Number of protein chains: 2
Amino acid sequence: VSVASGTGPVRIACHQLAPVIGELETNRRLIGEAVADALRAGTDVLVLPELATSGYVFADTAEARGVSITPEHGFFAETAASLAGSRTVVVVGFAEDGGDVLHNSAAVIDASGILAVYRKTHLWDRETLVFTPGDRLPPVVDTVHGRIGVLVCYDLEFPEMPRLLALAGAELIAVPTNWPAGEHPEAERVAEVIAAQAAARTNGVFIACCDRSGVERGQEWNEATAIVDRFGWILAEAGRPSGATETARAEVLLHLARDKAISPRNDLLGDRRPGLYAQGGPVR
Amino acid sequence: VSVASGTGPVRIACHQLAPVIGELETNRRLIGEAVADALRAGTDVLVLPELATSGYVFADTAEARGVSITPEHGFFAETAASLAGSRTVVVVGFAEDGGDVLHNSAAVIDASGILAVYRKTHLWDRETLVFTPGDRLPPVVDTVHGRIGVLVCYDLEFPEMPRLLALAGAELIAVPTNWPAGEHPEAERVAEVIAAQAAARTNGVFIACCDRSGVERGQEWNEATAIVDRFGWILAEAGRPSGATETARAEVLLHLARDKAISPRNDLLGDRRPGLYAQGGPVR
């Protein structure tokens, strides 16, 4: 017995793995294993890290170009083929060969192939030396499981981005990420997860952030993969010990994110005051 | 030896008290005691709760009108007079008599009088039956201690609001609030504080939220007063036991909030993509 499309429980997994820089074939294998694992677990939506095909800490553009791929690359067809007969959707970060320039991109893939590609629009630090930021808003992809929006890492730190996705109807925001390890008070979550919690709550959406693990050229990561519910609470985490491959899993009623009522007289999106916000002065 | 105006340490206090509904004179006394306490402690910026002069759980508009005051009311002159000879700035919520309508407002006061009045623009639940939302953006007030923006309670849940204040130059956002008690997982902070943490971090501003205490007509409160630094970390809290008067205090270098650089190549506000955001479709 199958439930009606779009209202049943949706099984989300974030598979926190450790890509190897410059080693496309190794990373294809790691991703293939993660997909196989997701299929065995009956996962509906699998989120993988940012730049999962390529690694992150590039010395320069030339090195990144050597491992960048176009959406026509066999990796995508191979991934889609591995999903044949399933309804599983995969969101995965990759270094995109955009011709003259490279992009830090994420693809949404199901058994039929690539459903959407998003090019990260807010680049972090040395990424600006290697990649060109995208110039289009992130997609909201209609899937059998619900509407999935995509952001990549630092994008999530701009409240405008989850807001735009929620206004465009996203019920889940999938966030492939590589969060460089940052300091935080012992009793606190990492700051990026707090941002995700607030974004989920203020927009009434689910958010699935898949961080990476491992140490790459001395760079450590938060390894703070988290699935957040539409009220901002953490449903599942994959964390340390450092370098381990870990998967966070949660089963959610994604369609509930369509309901933005939070009191008898309040609606998260309906209570916005766009005319008021437009009174804001020019950006300094 | 006095430090240069605008670069020395700024002592912030949030005095979490329990207003009594409808009892203007009682509340004036409570506020007067809080101000006297702040002066004794050498406080530079004192934040008091939302609707501190009036209480919150009104039966109807008529009851609220009975305790609403205009900016010409003696309370404000009296408060300013009590600040004579000091550089202390007070931010306090009050029920404003706006003529035909009432507003849930906050005033910024120093020894010279009222510097600004802000009328809450996002009303929560039954507030919509009593108050009329403001139609103007919150002010950013230039004080000797730095630039202070003001929001009231539910306003802070709209990421547009702290963003607009940060873009307008706010270094500190003062948030008089009455947070109705909400459920949250045992190990988590209350959701509103998480929103404040994220807003502080994503905008690089300090945020001082002053909640209220007490039980009013059966309504309990989070009593989760918090002063948050520009990275989103909690500097001070005033919490339970329920009903107690407690003060959170922190000394901060407010002018550091002018610096939005967060990596050698990143700037919190400069990295925004206003042209991109404007591609967003019409509000649903």
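**Figure 1. Charges of chain A in the predicted model.** The 25 positive and 37 negative charges of chain A have mean positions 6 Å apart. Lys and Arg count as positive, Asp and Glu as negative, and His and the chain ends are not counted. Each charge is placed at NZ of Lys, CZ of Arg, CG of Asp or CD of Glu.

**Figure 2. Fold and dimensions of chain A.** Chain A contains seven helices and 14 strands (DSSP runs, numbered from the N terminus: H or I of at least four residues for helices, E of at least two for strands). Its C-alpha atoms fill a box of roughly 55 × 55 × 40 Å along the principal axes. The radius of gyration of chain A is 18 Å, which agrees with the value near 19 Å for a compact globule of 284 residues (taken over C-alpha atoms; the rule is 2.2 Å times the number of residues to the power 0.38).

**Figure 3. Burial in chain A.** Of the 284 residues in chain A, 58% are buried (under 20% relative accessible area, 1.4 Å probe, protein chains only).

**Figure 4. The two copies, chains A and B.** A turn of 180 degrees with a shift of 0.0 Å along the axis lays chain B on chain A with an RMSD of 0.0 Å (least squares on C-alpha atoms of residues with pLDDT of at least 70 in both). The two copies are thus related as by a two-fold rotation axis. The same surface serves both copies, as 100% of the contact residues of chain B recur in chain A (contact: heavy atoms within 4.5 Å).

**Notes.** Residues are numbered from 1 along each chain as its sequence is written, and chains are lettered from A and ligands numbered from 1 in the order in which they are written. In this predicted model local features need pLDDT of at least 70, side-chain atom pairs count only at pLDDT 80 or more, and totals for chains, interfaces and linings use all residues, while side-chain values use heavy atoms, without hydrogens and water.

Terms used
Buried < 20%, exposed > 50% of the residue type's maximum accessible area, 1.4 Å probe, protein only.
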